[in-house]
Amino acid sequence: VLEAELAENRVSVKITSACTKSGLVFRGDAPAVLKLTCEVEGRLSEYRRRPGRRELEGLESILAEQERARLEAALEQLKGLRADCTGLGPKAGMAYPAKWQRVREDWPAWFAQVPVELQVQVRIFD
């Protein structure tokens with residue numbers, strides 16, 4: 001459950017689904033960027049006053065930033081540990097199987113250094 005304050009209207013959103021897509025951008029045979037897109041859907045669960053569509057759009061932006069910060073912190077911890085325990089690299093490497101095979105053995109080291117481009121999209125249904 002995510003919570004935010006919207007113009008004196010405290011709102012809670014229950015996450016109903018989340019999906020992450022990953023892609024590797026290669027420069028030559030070396031991974032240059034790991035692109036992540038996280039799509040989150042939620043439903044209003046508590047509020048003092050039902051927000052209108054414009055307020056929901058503002059809430060989506062607030063929650064997208066909150067989720068982005070949480071994901072960035074988690075990624076930094078995983079990169080520090082060289083632990084791609086979520087399998088982002090192998091999933092992303094499916095688009096370039098030959099290039100992935102060349103970096104697969106050293107992926108923990110690559111994972112620790114490859115920059116991550118993170119995009120978070122939140123959609124709230126009322």
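In this predicted model, the protein has a radius of gyration of 18 Å, whereas a compact globule of 126 residues would have one near 14 Å. Along the principal axes, the C-alpha atoms of the protein fill a box of roughly 55 × 25 × 20 Å.

The protein contains four helices and four strands, and these elements follow one another along the sequence in the pattern β-β-β-α-α-α-α-β. Among contacts with a separation of 6 or more, 72% join residues 24 or more positions apart.

The table lists some overall values for the protein.

| Property | Value |
|---|---|
| Share of the 126 residues that count as buried | 35% |
| Accessible surface | about 7800 Å² |
| Part of the accessible surface that belongs to carbon and sulfur atoms | 50% |
| Distance between the centres of the positive and negative sets of side chains | 3 Å |

The two charged sets consist of 20 positive and 19 negative side chains.

The largest nonpolar core of the protein has 26 residues, and those with the most contacts inside this core are Val13, Leu24, Leu34, Leu44, Leu59, Val122 and Ile124. Two or more core residues come from each of strand 2 (9-27), strand 3 (30-47), helix 1 (53-81), helix 2 (88-93), helix 3 (97-103), helix 4 (107-113) and strand 4 (116-125). Helix 1 gives the largest share, with six residues.

Leu24 illustrates the surroundings of one of these core residues. When neighbours within four places in sequence are left aside, Leu24 is in contact with Pro31, Val33, Leu34, Gly89, Ala92, Gly93, Tyr96, Trp100 and Trp107.

Technical notes
Residues are numbered from 1 along each chain as its sequence is written. This is a predicted model: local features need pLDDT of at least 70, side-chain atom pairs count only at pLDDT 80 or more; totals for chains, interfaces and linings use all residues. Side-chain values use heavy atoms; hydrogens and water are left out. The radius of gyration is taken over C-alpha atoms; the globule rule is 2.2 Å times the number of residues to the power 0.38. Buried means under 20% relative accessible area, exposed over 50%, partly exposed in between (1.4 Å probe, protein chains only). Contact means heavy atoms within 4.5 Å. Accessible areas come from the Shrake-Rupley method with a 1.4 Å probe; for residues, only the protein chains shown count as cover. Lys and Arg count as positive and Asp and Glu as negative; His and the chain ends are not counted. The place of a charge is taken as NZ of Lys, CZ of Arg, CG of Asp or CD of Glu. A nonpolar core is a set of buried Ala, Val, Leu, Ile, Met, Phe, Trp, Tyr and Cys residues joined through side-chain atoms within 4.5 Å.
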